[in-house]
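Here's a quick walk through a fold, written for someone with the structure open on screen. Load it up and follow along.

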Amino acid sequence: MCIRGQKNVFAAADTVLPMVEILRQVCTSHVCAVPVYCFMPDHLHMIMEGRSQDSDLWNGAVEFKQRSGYWMRKHYVWARWQKDFHDHVIRKYEDLKAHILYILENPIRKGLVEEWQEYPFSGCVGYESLEAVLNLL
């Protein structure tokens with residue numbers, strides 16, 4: 001999910017922490033988890049997974065975008081999500097750990113940190129920690 005005009009919205013904890021809380025609420029209401037998220041300054045990478053037959057990932061992503069967009073409009077009049085977002089279904093034969101590491105290494109590729117563990121705006125929802133997620137795979 002990208003910010004319209006590539007504006008740096010997610011550069012401080014006082015913006016990212018409310019986004020993570022909205023993501024937690026959405027995961028609860030749509031019975032899903034996020035094994036990895038990474039709030040880059042102008043966009044968000046995340047993987048969502050269903051936790052039951054009642055999970056609704058598409059509507060969970062849409063609701064997150066709506067609720068976080070509302071929060072941004074209240075706090076940053078100039079900040080808006082782009083209209084759509086890129087989605088990809090990770091198939092059983094694909095390497096989930098590789099996808100997770102790719103997301104975690106985004107701040108390294110952008111020159112923001114040297115190790116993914118140093119980046120403060122990556123995490124997970126519904127798991128103990130990113131390290132626990134990686135150890136499960």
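What follows covers the sheet, the helix that sits on it and the nonpolar core.

Keep in mind that this is a predicted model.

Start with the sheet: three strands make an open, antiparallel arrangement in the order β2-β1-β3. β2 (43-50) and β3 (122-125) are the edge strands; each has a single partner, so one side of each has no neighbour in the sheet. On average, neighbouring strands are turned by 10 degrees against each other, ignoring direction. β1 and β3 are held in register by three bridges, in the antiparallel sense, and Val-34 has Val-125 of β3 as its bridge partner. Helix α1 packs on this sheet and touches β1, β2 and β3, with its direction at about 160 degrees to that of β1.

Now for α1 itself. Its 17 residues reach 24 Å from first C-alpha to last, close to the 24 Å expected. Here's how its two faces compare:

| Face of α1 | Residues |
|---|---|
| Buried | Thr-15, Val-16, Met-19, Val-20, Ile-22, Leu-23, Val-26, Cys-27 |
| Turned away, exposed | Asp-14, Leu-17, Thr-28 |

The buried set covers an arc of only 160 degrees around the axis, which puts these residues on the same side of α1. They pack against β1, β2, α2 and β3. Just after the helix comes Val-31, with a positive phi near 50 degrees.

Which residues touch the most other members of the largest nonpolar core? Out of 40 residues, they are Phe-10, Tyr-37, Phe-39, Phe-64, Met-72 and Trp-81. Elements giving two or more residues to this core include α1, α2 (57-75) and α3 (96-104). Beyond its close sequence neighbours (within four places), Met-72 contacts residues including Ile-3, Phe-10, Met-19 and Trp-81.

Conventions: Residues numbered from 1 in each chain as written. Predicted model: local features only at pLDDT ≥ 70, side-chain atom pairs only at ≥ 80, totals over all residues. Heavy atoms only, no water. Pairing = 2+ DSSP bridges. Helix = DSSP H or I, 4+ residues; strand = E, 2+ residues; numbered from the N terminus. Axes fitted to C-alpha atoms, helices over the stretch in contact; angles between N-to-C directions. Contact = heavy atoms within 4.5 Å. Core = buried A, V, L, I, M, F, W, Y, C linked by side-chain atoms within 4.5 Å. Buried < 20%, exposed > 50% of the residue type's maximum accessible area, 1.4 Å probe, protein only. Expected span 1.5 Å × (residues − 1). Arc of directions from axis to C-beta.
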